[in-house]
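Please walk me through this model. I would like to see how its side chains pair up and how its helices meet.

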Amino acid sequence: MKNRFRILLWPLIALLIYLTVQALSAIPTGVVQYLSPDSDPTQWMAISLLASSIVTGIALMLIPQFGLSNSFKDTGCDSVSTLIALFATLFSLLAFDIVNEQLDLPNIAEELFVGMSSSVWGMLAIGIFGPICEEIVFRGGLMKPMLDRGANPWVAILLSAIVFGLVHGNPAQIPFAAMVGVVFGIIYYRTQSLVITSLCHILNNSASVVLMNIYGEETDELTFENMLGTTGMWVTMATAALATAYLLWVFWKRTECKVEKE
């Protein structure tokens with residue numbers, strides 16, 4: 001029991017910092033909405049998300065117990081392995097997008113994200129700083145302390161991925177985030193670098209921002225099934241899933257675990 005507490009202590013602290021900063025940053029939005037009920041709160045929400053992402057990221061990078069000072073210095077592997085990891089992640093995004101689409105879960109945050117994406121603050125928050133912050137928190141803040149203190153790597157990968165999915169709070173995002181979190185976790189475990197995962201996270205979110213700006217709430221109508229047909233959709237999903245698995249296997253073989261256990 002004592003060892004489990006030791007393993008989970010700093011991941012819990014990282015999660016608490018993340019949630020606390022998010023909650024505090026939302027206060028100005030609540031005040032504005034209270035004083036002016038008819039105003040559009042999305043601009044303030046975008047600013048609060050941007051501010052909370054920057055503050056949280058900096059805080060975790062500066063706390064020595066997380067040991068994240070070198071996490072953005074390089075990719076943690078050679079150039080060929082880096083490309084393999086990038087393509088594995090991109091194929092996984094395609095496969096998981098199709099699976100998530102078929103789950104057809106309610107998207108309770110769609111209107112909010114569309115509104116936020118229309119401003120520069122929202123683009124920066126959702127497309128760039130939010131993804132970097134989430135990689136610092138969930139791979140660096142949750143996974144790394146567990147690995148450093150002797151946790152089973154797969155337990156650390158799966159636990160961080162599940163929490164990553166759950167904190168999104170939006171049913172339409174939870175399964176996708178959790179599945180992608182596993183891929184990000186594998187890459188982080190082998191490299192101890194946040195560069196690749198942050199880049200792919202940024203690409204995914206930025207693509208969503210672009211689509212929301214072009215199509216607005218009609219983005220949900222751009223389904224793989226409509227574009228490829230039912231058969232084409234499932235063939236694409238299976239191909240992308242197999243490509244992801246193969247590339248991750250190659251990546252694993254080419255890299256070495258760089259965890260320094262206490």
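The paragraphs below take up aromatic pairs, then charges, then one bent helix and a few loop residues.

This is a predicted model. Start with the rings. A pair of aromatic rings is described by the distance of the centres and the angle of the planes. A search of the whole structure finds six aromatic pairs. Take W10 and F66 to begin with. Their ring centres lie 5.4 Å apart and their planes stand at 85 degrees, so this pair is edge-to-face. The cut-off for that class is over 60 degrees. The two rings come from distant parts of the chain. W10 belongs to helix α1, residues 2–25. F66 sits in the loop between α3 (42–62) and α4 (79–103). The separation is 56 residues. Both W10 and F66 are buried.

Now turn to W154 and W252. Here the centres are 5.8 Å apart and the planes are at 5 degrees, so the rings are stacked. Stacking requires planes under 30 degrees apart. This pair, too, links distant parts of the chain. W154 is in helix α7, which covers residues 153–166. W252 is in helix α10, which covers residues 224–254. They are 98 residues apart. How exposed are these two rings? W154 has 43% relative accessibility and counts as partly exposed. W252 is also partly exposed, at 28%. W252 has a charged neighbour as well. The charged end of R190 sits over its ring, 4.3 Å from the centre.

A further group of rings forms a cluster. Its members are Y18, F138 and F164. F164 has a charge over its face: R139 lies 4.5 Å from the ring centre.

R139 leads on to the salt bridges. Side chains of opposite charge can pair when their charged atoms come close. How many salt bridges does a search of the whole structure find? It finds three. One joins E135 to R139, with the closest N and O atoms 2.8 Å apart. R139 therefore takes part in a salt bridge with E135 and lies over the face of F164. E135 and R139 are both in helix α6, residues 120–148. They are four residues apart, about one turn of the helix. An α-helix has 3.6 residues a turn, so residues three or four places apart point the same way. E135 and R139 are both buried.

Another salt bridge pairs K144 with D148. The closest N and O atoms are again given as 2.8 Å apart. K144 and D148 are four residues apart in helix α6, so about one helical turn separates them. Are they buried or exposed? K144 counts as buried because its relative accessibility is 11%, and the limit for buried is under 20%. D148 counts as buried too, at 7%.

The salt bridge between D78 and R254 has an N to O distance of 3.1 Å. It links distant parts of the chain, 176 residues apart. D78 is in the loop between α3 and α4, and R254 is in helix α10. Both ends are partly exposed: D78 at 35%, R254 at 41%.

Helix α10 deserves its own look. It has 31 residues, yet its end C-alpha atoms are only 33 Å apart. A straight helix would reach 45 Å at 1.5 Å a residue. Where does α10 bend? It bends at T230, by about 95 degrees. Several of its residues are buried, including F224, M233, M237, L247 and F251. The buried residues of α10 pack against α4 and α8 (174–191).

Some loop residues complete the tour. V167 is found in the loop between α7 and α8. V167 counts as partly exposed, at 28% relative accessibility. V167 and L19 are 148 residues apart in sequence, but their C-alpha atoms are 8.8 Å apart in space. V167 touches L15, Y18 and F138, leaving aside residues up to four places away in sequence. Y18 and F138 also appear in the aromatic cluster.

Finally, look at the backbone. D104 has a phi near 55 degrees, a positive value in a residue other than glycine. D104 lies in the loop between α4 and α5 (110–117). It is exposed, at 65%. Q192 is not a glycine either, and its phi is positive at about 55 degrees. Q192 lies in the loop between α8 and α9 (195–215). Q192 is buried, with a relative accessible area of 13%.

Technical notes
Residues numbered from 1 in each chain as written. Predicted model: local features only at pLDDT ≥ 70, side-chain atom pairs only at ≥ 80, totals over all residues. Heavy atoms only, no water. Phe/Tyr/Trp six-rings, centres within 6.5 Å; stacked < 30°, edge-to-face > 60°. Helix = DSSP H or I, 4+ residues; strand = E, 2+ residues; numbered from the N terminus. Buried < 20%, exposed > 50% of the residue type's maximum accessible area, 1.4 Å probe, protein only. Lys NZ or Arg CZ within 6 Å of the ring centre and 35° of its normal. Salt bridge = Lys/Arg side-chain N within 4 Å of Asp/Glu carboxyl O. Expected span 1.5 Å × (residues − 1). Bend = angle between axes of the 7 residues up to and from the residue. Contact = heavy atoms within 4.5 Å.
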